[in-house]
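Student: Hi, I've got a new model open and I'd like to talk through how its strands fit together. Could we go over it?

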Amino acid sequence: QLQLVESGGGLVQPGGSLTLSCAVSGGSFDFYGIAWFRQAPGKEREGVGCVSSSGEIANYADSVKSRFTISRDIAKNMVYLRMNSLKPEDTAVYYCAADYFPVRKVGYCSVTSRSEYDFWGQGTQVTVSS
């Protein structure tokens with residue numbers, strides 16, 4: 001059973017930066033696309049960005065493109081979300097999620113289809129405020 005644990009959330013001023021971490025255990029990155037989602041109060045959970053199991057493909061929501069970057073450290077079993085130029089509207093609980101593929105190193109990941117993701121972390125709060 002894959003387990004995902006997020007960390008790194010907190011309070012940051014507008015324009016600031018923050019890096020979230022997702023510790024992955026119980027499975028190999030070769031079979032899982034990893035995504036970050038977020039959910040603001042009263043809103044639907046939305047995809048922020050994803051990285052394919054091959055590591056070659058990364059997709060981002062338009063709202064964060066050029067500001068957020070996803071990366072993986074396979075040796076440490078970690079996935080990161082680097083967030084720059086943060087805005088108050090980025091305030092949300094951020095979740096790490098994994099999409100299982102029965103084939104190794106698939107060059108695909110979805111940032112829009114929440115239902116494709118089989119495993120979820122517990123979330124970490126990010127608040128952007130002055």
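Tutor: Happy to! One term before we start: two strands pair if DSSP finds at least two bridges between them. Also keep in mind that this is a predicted model.

Student: Got it. Which residue stands opposite Tyr95 in S9?

Tutor: That's Phe37. Phe37 lies within strand S4, residues 32-39, and S4 and S9 run antiparallel to each other with eight bridges between them.

Student: What other strands does S9 pair with?

Tutor: One is S11, residues 124-128, again antiparallel, over three bridges. There, Ala92 has Val126 as its bridge partner. Another is S10, residues 119-120, with two bridges in the antiparallel sense; Ala98 is matched with Phe119 in that strand.

Student: How many residues of S9 are buried?

Tutor: Seven of the nine, so counting buried as under 20% relative accessible area, the strand, residues 92-100, is mostly covered. Across the chain, 46% of the 130 residues count as buried.

Student: Zooming out, how many helices and strands are there?

Tutor: Zero helices and eleven strands.

Student: And why does the radius of gyration agree with a compact globule?

Tutor: Because a compact globule of 130 residues would come out near 14 Å, and the protein chain has 14 Å. The C-alpha atoms fill a box of roughly 45 × 25 × 25 Å along the principal axes.

Student: Switching to electrostatics: how far apart are the mean positions of the positive and negative charges?

Tutor: They are 4 Å apart, with 12 positive and 12 negative charges in the chain.

Methods
Residues are numbered from 1 along each chain as its sequence is written. This is a predicted model: local features need pLDDT of at least 70, side-chain atom pairs count only at pLDDT 80 or more; totals for chains, interfaces and linings use all residues. Side-chain values use heavy atoms; hydrogens and water are left out. Buried means under 20% relative accessible area, exposed over 50%, partly exposed in between (1.4 Å probe, protein chains only). Helices (H or I, at least four residues) and strands (E, at least two) are DSSP runs, numbered from the N terminus. The radius of gyration is taken over C-alpha atoms; the globule rule is 2.2 Å times the number of residues to the power 0.38. Lys and Arg count as positive and Asp and Glu as negative; His and the chain ends are not counted. The place of a charge is taken as NZ of Lys, CZ of Arg, CG of Asp or CD of Glu.
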